[in-house]
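Subject: Structure handover

Hi there,

Here is the structure I promised to pass on to you. Please open it alongside this message, and I will walk you through what turned up.

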Number of protein chains: 4
Amino acid sequence: MIIVMRAGASREEIDNVVVRVERDGFKVHLSAGAERTIIGLIGDDRPLDKQLYEVLPGVEKAMAVLKPFKLASREFSAADTLVTVKGVSIGGTQVVLMAGPCAVESRGQLLETAHAVKAAGAQMLRGGAFKPRSSPYSFQGLGEDALKILAEAREQTGLPVITEIMTPEHLPMVCDYVDMLQIGARNMQNYELLKGVGRTTLPVLLKRGLMATMEELLMSAEYILAAGNRQVVLCERGIRTFEKYTRNTNGYQCHPGAQAPDAFAGDA
Amino acid sequence: MIIVMRAGASREEIDNVVVRVERDGFKVHLSAGAERTIIGLIGDDRPLDKQLYEVLPGVEKAMAVLKPFKLASREFSAADTLVTVKGVSIGGTQVVLMAGPCAVESRGQLLETAHAVKAAGAQMLRGGAFKPRSSPYSFQGLGEDALKILAEAREQTGLPVITEIMTPEHLPMVCDYVDMLQIGARNMQNYELLKGVGRTTLPVLLKRGLMATMEELLMSAEYILAAGNRQVVLCERGIRTFEKYTRNTNGYQCHPGAQAPDAFAGDA
Amino acid sequence: MIIVMRAGASREEIDNVVVRVERDGFKVHLSAGAERTIIGLIGDDRPLDKQLYEVLPGVEKAMAVLKPFKLASREFSAADTLVTVKGVSIGGTQVVLMAGPCAVESRGQLLETAHAVKAAGAQMLRGGAFKPRSSPYSFQGLGEDALKILAEAREQTGLPVITEIMTPEHLPMVCDYVDMLQIGARNMQNYELLKGVGRTTLPVLLKRGLMATMEELLMSAEYILAAGNRQVVLCERGIRTFEKYTRNTNGYQCHPGAQAPDAFAGDA
Amino acid sequence: MIIVMRAGASREEIDNVVVRVERDGFKVHLSAGAERTIIGLIGDDRPLDKQLYEVLPGVEKAMAVLKPFKLASREFSAADTLVTVKGVSIGGTQVVLMAGPCAVESRGQLLETAHAVKAAGAQMLRGGAFKPRSSPYSFQGLGEDALKILAEAREQTGLPVITEIMTPEHLPMVCDYVDMLQIGARNMQNYELLKGVGRTTLPVLLKRGLMATMEELLMSAEYILAAGNRQVVLCERGIRTFEKYTRNTNGYQCHPGAQAPDAFAGDA
C-alpha cells in the first residue's frame, strides 16, 4: 500500500502515519516528492483496510499496490486451470457448452430437452431445481423432484449435470444428485454459501454479480478456493448499466495492449 | 400488460398473440393505432413474464402496466407504515438513529460504544456478529459471543439491538438475542434468507443492494411480507455508479412533480 | 403513446386527460382494465413529450409506443445502408478497417504510419488534427498543418482520410482536406455540430457517447439525416460503467431471440 | 506518478522504465517492496499520460499521485470562490436561486414568469434561447428574439439573466444580451466552447455531464480558468445510473470523514 500525504502535511502528521504503519507490523519507505510525501508499506498488507489510514490527519489517499486475492491469481498459479467434470474438461482449448432449460418443469420436458441438447452437441446439461425469482409469486422450482429428474437425464444421455444452489442448507441434498454446482449472480457475495460449496468436492461455476467488479468476482472465488475447493470456473454473464436496450451488457472486453487479466486464469 | 405489435404485423401474427393471451386466462383489448396494433391484457397479469410474449412472431415489445408488487404497495395499504421495536417507533415523524460499531470486536469495545451512542441520543444499538467481508482473510465476526455481548449492552443501556443475519441456518440462534434483523446489501436477493426472516416475528431492516432497482428492493420486501412478516423497514444505502469519488451514490432523489414513490411506504 | 391512469383515478381526471389529448390533435382509444384505465393516443405522437401528460392529475405514467426516430429506422428504409467513401464501401459484408495514429504529430510520423497501415491491410487512414483532450495542458493537435499532412498521405497511399471535427467553425477548412468526418463521443450531443455536418456532403462517422443510450445515438444520427446528409455510419466505442478494469465496456450485445436492433441499420 | 512493476519483473525491465522516466525529465525514486518494485516520479508529472508507462514491459500499472487540475484546486486557491453577477453573489453563505422556464416561448410567457419568480424570491432569471433537444423535430428555441425578451425582462425586474450557449459561433450575439453564460450537461466536454467562454468576461455556470466524473468536471472548469476566465460556478445536476425510477441520480454525496472535495471549491 502507498499512502499519499496532502500537500503541506506537517512533520507531525507524517510521523504519526509512520508510527501507525510500523505498529501494524510493516516497514516504511518514505519518499518526499516535489509536492507531496509518499509513505510506502513494505510487507504483505493485503488484509489491511486502506480506510484505516485514510482517516488519519494529513492523509490524502491510500492506494493498494498488491492485488487482494492470492489463490485466484496468476502469481500463485501461472498455468491455465483445467476443471474436469466427469471427463468434460473446462478451461482448455475446447469451448464447453452447457445447455438446458432455465427450470426443470416436468420429467417429460427435461428428458426431451436433454436428448435434444446432446444431439445438438452440448457436453453438459443444466436445469434449475431451485429458482431465484425476483417475485415470490413466481414458480420457485420443483426442488428435490427436479434433482431426481436431472439424475435420470444424466443416466439416459451420459451428460454431466449442473444446477444452481441457493442456500447452504440444501448442499447435502443437492450434492447427492449433481456433478457441478452453480452459484447464481444474486448470490455471488453470499459468503456462507461460498464457504459451504468450498467445503464440498464438486466443481463450482461462479457467476458474476450484476454489479460486481472483476476484483470482487475474484474475491468470491478466493472464498471457495480458501475453503479448500480448487475447482472453480468463472462465468461472465453481463453487468448492469444504464443501457436497457439489452438485458445485460457483456462486462468482459480486452483492450489494446492488455494482457489476459487474472480474472479468468489461475485456480479461478 | 400491453403488447405492441411491429408495424406491418400480419393478421395471423396478431391472432396468434390474442389466442395465446386468452389461453393464459386473460381478456383481450385490441386497439389498431396509426402505425401499430396494440393488445391489452385485462386481469391481474403480475405473475406473467413479459418475455413470454416478446418472443412471439410480430411482437415488438411488451410493457407492464401493473406494478409487480402488491403488499409493498400504497395501493394495498395507503397509510404510512409504523414498525415498533421494543417501544421505538420507526416510520413516523421522528427520525430514528441506530448506531454502533461495524463489528463487535470485544466486550469492552461494545459496552463502551453502547453507552456513548446512547449518551449521544441514538435510540437503537447496532453491531455486527457475522460480517460479510469481501476477503476470506478478513475478520469474520465473533458469532454467538458477539450476540451475548449485544444482549448485555441492551440490558445495561435499554437500547434495542439490531444485527445482520447472513444465512437461514443462523436464524434460531440470532433471534434469541436481538430485537431486529438486518439484511445486508449483498444479500438483498438471497431469497432463502428473505423467506427465512419472513417466517420470524422480528422486525426486519432490508438494505438496498448496490445493484438493485427500487422495484427489485420492493420485490425483496414482498418476499418477507408474503411470508407473513409485515414489519419491514427499507434502508437506502447508496448504489454503485461510474463515480468513484464517493464510495456509493445516494440512490434516492425526489424530482419535481413526483409523488412519494411507493418504495418507502406501505407495509414495506 | 399510452397513458396509464392511477388505480382509482376519478371520472373527471380521465375526462381531463382525454380532452387534453384531443386538443393536442390525437384520437383517443379508451380501455378500462381490471385495475386501471388506459388511454391510447392514435396518430404520430413522436414530437410529444410524455412528461406533458405525466403531470396531469390522476396519471400514473405515460409510455411511448412509437420509436422517436424516423429516418434512422428500419421502418423508413428496410435495406442495409451502404456508405461509400472514395470507393471504400462501409456496411456491406466486408469489414472496413480505418487505422492511424490518435494524433498527427509530425509529417514523418504520419507518412510512415500511413504506409504501414496500408501494408497491413487497412482501407482508410485516420489521424487527429484537432484533439479533444480532457486537460487544457495536453497537446491539442496541429490543426490545419495536420490536415495538409493527411492529404499528402492520401496522395501517397491512395487511402481515403478521416479526421475528427470538433466545432462547426472548422467545417469549411476540414472539408477541404478529408474524405469523411468523425464526430467524437464527447460531441455526440453537440447539436450545432450535428446540424453542421448534416449540411455537408461528406460521409460522417458518429461515435457513441460514453453514457448515451442506443436511442440517443440514433436520435443524434437523426439530426444529421434530417439536415439532409444520409451518409451516416455509427460507431460503438464502448460505454462507461462501474467497472474500471477495462477503460470502457462494449455496449453492444445481442441477446437470445433478439432481432438486429434498428441501431445499426437503415440510413444510419 | 507511481509505477508498479509486476512481481518478478527483471532488472532490465526496471532499468528500462527508469531510463524512460529520466528521459521524460523526472527524477526517480526506487523502492523494492516485499513482492514488487515501485518507481516513483519526482516532479510535476500532470501532463503525462500514465498509459505511456503502462505499455512498457514488466509494468503492472501506473497510479497518479497529483490531481490533474491546478487552477480548479484548493491548493491553488484555498479560499471559497465568490462569483458576482450584477450584485448577486454566488458561493457565499446565501443560496442563490435562478429560476425561469426551460425555453423562452413568447414575450408574454417570459415576462409573466419573470415577475412571478421575482415575487417568489429568486435572484436570477433563466430561460433558454437555444435549446439542446434530443430530437431534431422538437422546438429548438427562438434564438436572438428570445435574448431580446430576456433583456427586456431584466429591465422590468432587475434580475440578472442567464442563458445556455451551445456553440462558439453564438458567443458574440449572446454576450450582448445576458449576464451569465450556461454550459449544458451535453456540452461539458465541448472543448472549443469551453475555450470560447473562457475568453469572455462573463461568469459561467458549468453543468456536470450525465457521464462525467468529478475529476472530468473539474478538468472542464480548468479549460475555462486556463483561458483566463476565473468566474466559474459548478452545477451538479445528477448523473445517469441503472436506476430509471428517477430521471437522474444526485451525484454528490459526502461520506463520513470526508473533507469537502476540491470539486466545489477554489476558482471553480
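**Sheet and helix in chain B**

In β3(B), V4(B) has I38(B) as its bridge partner. Before going further, please keep in mind that this is a predicted model.

That pair belongs to a wider match: strand β1 (residues 2-5) of chain B and strand β3 (residues 37-42) of chain B pair in the antiparallel sense over three bridges. Both strands sit in an open sheet of four strands in chain B, in the order β2-β3-β1-β4, with antiparallel pairing. At the edges stand β2 (27-32) and β4 (59-63) of chain B, each with a single partner strand, so one side of each has no neighbour in the sheet. From one strand to the next, the twist averages 20°.

A helix lies against this sheet as well. Helix α1 (residues 11-23) of chain B packs on the sheet and touches β1, β2, β3 and β4 of chain B. The direction of this helix makes about 155° with that of β2(B).

**The sheet in chain C**

Chain C also has four strands in an open sheet, in the order β2-β3-β1-β4, and the pairing is antiparallel. Its edge strands are β2 (27-32) and β4 (59-63) of chain C, each of which pairs on one side only. The twist here averages 20° from one strand to the next. Helix α1 (residues 11-23) of chain C packs on the sheet, where it touches β1, β2, β3 (37-42) and β4 of chain C. Its direction and that of β2(C) make an angle of about 155°.

On the β4 side, strand β1 (residues 2-5) of chain C pairs with β4(C) in the antiparallel sense over four bridges. In β4(C), A62(C) is the bridge partner of I3(C).

**How chains C and D meet**

What operation lays chain D on chain C? A turn of 180° with a shift of 0.0 Å along the axis does it, giving an RMSD of 0.1 Å. That is the relation of a two-fold axis. In chain D, M211(D) has the C-alpha nearest the axis, 2.5 Å from it. The same surface serves both copies, as 100% of the contact residues of chain D recur in chain C.

Here are the numbers for this interface:

- In contact are 32 residues of chain D and 32 residues of chain C.
- Chain D and chain C bury about 3,000 Å² between them, with 54% of it on carbon and sulfur atoms.
- The count of residue pairs in polar contact between chain D and chain C is 18, both residues being at pLDDT 80 or more.
- Two salt bridges are found across the interface of chain D and chain C.

E216(C) forms a salt bridge with R240(D), and the closest N and O atoms are 2.6 Å apart. On the side of chain D that touches chain C, the elements that give two or more residues are α6 (191-198) and α7 (214-226) of chain D. The largest share of that side, five residues, comes from α7(D).

**How chains A and B meet**

Chain A superposes on chain B by a rotation of 180° with 0.1 Å of shift along its axis, at an RMSD of 0.1 Å. Of the residues of chain A, M211(A) comes closest to the rotation axis, its C-alpha lying at 2.7 Å. Of the interface residues of chain A, 97% are also interface residues in chain B, so the copies meet through the same surface.

Happy exploring, and all the best!

Notes:
Residues are numbered from 1 along each chain as its sequence is written. Chains are lettered from A and ligands numbered from 1 in the order in which they are written. This is a predicted model: local features need pLDDT of at least 70, side-chain atom pairs count only at pLDDT 80 or more; totals for chains, interfaces and linings use all residues. Side-chain values use heavy atoms; hydrogens and water are left out. Two strands pair if DSSP finds at least two bridges between them. Axes are lines fitted to C-alpha atoms, for helices over the stretch in contact, and angles run from 0 to 180 degrees between N-to-C directions. Contact means heavy atoms within 4.5 Å. Copies are superposed by least squares on the C-alpha atoms of residues with pLDDT of at least 70 in both. Buried area is the accessible area (1.4 Å probe) that two parts lose on being put together, summed over both. A salt bridge is a side-chain nitrogen of Lys or Arg within 4 Å of a carboxyl oxygen of Asp or Glu. A polar contact is a pair of N or O atoms within 3.5 Å; within protein, one must be able to donate a hydrogen and the other to accept it, and residues adjacent in sequence count only if both atoms are side-chain atoms.
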